[in-house]
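The following exercises concern a single protein model and are to be worked with its sequence and coordinates at hand. Each task is followed by a solution in steps.

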Amino acid sequence: KSRFCRFILSSRNAVTAAASKPSVLCSPVITTSEEGFQLASIAQPNLWTGLTRVAIVFNAGSRYELSCKDRGITHLIRRAFGLSTPKFTAVNLTRHFQQMGARVMCTTTREHMIYTVDVAPNFASRAGYLLAEMATGQAFYSWELKSTANKLMKKDIELFNRRNLEALSMELLHEAAFGTNPDGSGLGNSVIAPMDRVGTYSIDQIEQFHQHSFTPAKCTVVLVGNNSTSEAGIEQLREIKTGLRVRPPHVPSRSSLKPHGFVGGEIRRDLAAASEAYAQIAWPTSGEGPNKLALDVGACLLTGAIDRISFGGNASRDRLNTGLHENDPTHTVAFHKTYADHGLFGLSLRGPCALLINDRLTQTIRMMRTLKVTSEQLKNAKSICKANILMELESPANLAIDLAVQVSKQNHTYESPEVRAAKVDAIDANAVNTALQQVLSSPLAALSVVGLDAGFVLPLPVLLSA
């Protein structure tokens, strides 16, 4: 046999041998560095030989924007990612990652700033170091912000307000639910900057935000899928973290009053050019509190298998659409959004006009108040909820972010997908019924409506009293 044939045969045998073994997820190793960074690593499962992900997560989402004039500063930091640092120009950074065949991303949520790089295992240390440099060593040169970051921000805002109306309605729902007062929880702050703020942020504002949020105690660095043992991954992370240029911690003076949480209310955005109408309604929850899993199962029960099976008659498995005509143009799903100290449980509706949305919303609220979960419904809902947990974390990319976000919390622990699935199995129908009724009985609620003739949706107090 030729050398090439022998190579192909040996490679095929290695892959076959790996595939014959169960792909068992190792337990992560979690430690704290001398500087205070949280480091976490999971060893490489059998079939993840081609991809390593390094993730750097800061507790620095939009909820931590310090004052009204800082609204949208996290959007600026995200869009400035990849620009020059004191050590590297933007072109140099791009060339480095292109030569490694790496993919680099920066995403923001209300609670986190997430930096990731996906790369071949042999380049993980170098790619991770450069990622740390890009995340915390940005120079924020005024000419780069003006020529690149500000233009990207304006494009984001334009698309957000004109094209992505469902996301716009969700942002407005958070604003209605939590407000934007600096003494509040901060969850009402949008992840997209206001248009009038673009180009107004000073270097002092950016530096102040970094001093408040980009500190060792608020930073978690994760490596997934690169080493045979998790301990070896920790040693590699100690090399990567040398690229982090965090500021000395600085706590700004704030009101001594306890931040207010859910306040409720409604916000409407009437758009004459909108082709569809969107509405979101939500009630307050305790977020990561004791009812989290019960409400997650409740959301799965209400939404059912919708959009999961192509041409599969999804409406028959959807409690929210029970009894509707097959060609009904409205679309309704339930959601449960959780944060460290607060949460939202509610409904998201889409339809051709606000009048139809109003009718569906009234019917659905009435149905939810009289809902009693049966054992069969609970079984189906648990299956969907467990599938959400287990399938999402099959990828090392999703697993790395999940690990980093969990470790970044106050207790710095990790709960595996298998443990979470077992907890879902332990939930009974009484727990789901109790959690749903407790949420729906709250006197507070929030509503957002976006689209043509948004006023056709009844005022929030009228909807709740219907």
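## Exercise 1: The chain as a whole

Of the contacts in the protein with a separation of 6 or more, 80% are accounted for by residues 24 or more positions apart, a contact being heavy atoms within 4.5 Å. The model is a predicted one, in which local features need pLDDT of at least 70 and side-chain atom pairs count only at pLDDT 80 or more, while totals for chains, interfaces and linings use all residues. Residues are numbered from 1 along each chain as its sequence is written, and side-chain values use heavy atoms, with hydrogens and water left out.

Task. State how many helices and strands the protein has, what percentage of its residues is buried, and what its accessible surface comes to.

Solution.
- Step 1. The assignment gives 15 helices and 11 strands; these are DSSP runs numbered from the N terminus, with helices being H or I of at least four residues and strands E of at least two.
- Step 2. Of the 466 residues, 51% are buried. Buried denotes under 20% relative accessible area, exposed over 50%, and partly exposed the range in between (1.4 Å probe, protein chains only).
- Step 3. The accessible surface is about 21,600 Å², and carbon and sulfur atoms contribute 55% of it. Areas come from the Shrake-Rupley method with a 1.4 Å probe, and for residues only the protein chains shown count as cover.

## Exercise 2: Buried faces of two helices

Task. Determine which residues of α8 are buried and which residues of α3 are buried, and identify what each set packs against.

Solution.
- Step 1. In α8 (residues 230–240), the buried positions are S230, G233, I234, Q236, L237 and I240. Because these positions cover an arc of only 165 degrees around the axis, they lie on the same side of α8. The arc is taken from the directions that lead from the helix axis to the C-beta atoms.
- Step 2. Packing partners of the buried α8 residues are β1 (29–32), β2 (38–42), β3 (52–58), α4 (124–136) and β6 (219–224).
- Step 3. In α3 (residues 90–100), A90, L93, F97 and M100 are buried. Their arc, seen down the axis, is within 100 degrees, so they line one face of α3.
- Step 4. V91, Q98 and Q99 are exposed on the other side of α3.
- Step 5. The buried residues of α3 pack against β4 (103–108), β5 (113–119), α4 and α5. Just after α3, G101 has a positive phi of about 70 degrees.

## Exercise 3: Two crossings of α9

Task. Classify the crossing of α9 with α11 and that of α9 with α14, and give the residue classes in each contact.

Solution.
- Step 1. The axes of α9 (residues 292–303) and α11 (residues 375–392) come within 8 Å and cross at roughly 110 degrees. Axes are lines fitted to C-alpha atoms, for helices over the stretch in contact, and angles run from 0 to 180 degrees between N-to-C directions.
- Step 2. The two helices are therefore roughly perpendicular. The classes are roughly parallel under 35 degrees, roughly antiparallel over 145, roughly perpendicular from 65 to 115, and oblique for the rest.
- Step 3. D296, V297, C300 and L301 of α9 make this contact with Q377, L378, A381, K382, I384, C385 and N388 of α11. By class there are seven nonpolar, two polar and two charged residues. Ala, Val, Leu, Ile, Met, Phe, Trp, Tyr, Cys and Pro count as nonpolar, Asp, Glu, Lys and Arg as charged, and the others, Gly among them, as polar.
- Step 4. The axes of α9 and α14 (residues 429–440) come within 9 Å at roughly 90 degrees, which makes this pair roughly perpendicular.
- Step 5. Here A294, L295, V297 and G298 of α9 meet A431, V432, A435, L436 and V439 of α14. This contact has eight nonpolar residues, one polar and no charged.

## Exercise 4: Positions in loops

Task. Locate F140, H412 and G455, and decide whether each is buried, partly exposed or exposed.

Solution.
- Step 1. F140 lies in the loop between α4 and α5 (142–162) and is buried because its relative accessibility is 10%. Its phi is positive, about 55 degrees, although F140 is not a glycine.
- Step 2. H412 is in the loop between α12 (396–407) and α13 (417–425); its relative accessible area of 30% makes it partly exposed. H412, also not a glycine, has a positive phi of about 55 degrees.
- Step 3. Most residues other than glycine have a negative phi.
- Step 4. G455 belongs to the loop between β11 (446–451) and α15 (460–465), and at 64% G455 is exposed. Apart from neighbours within four places in sequence, G455 contacts R268 and D270.
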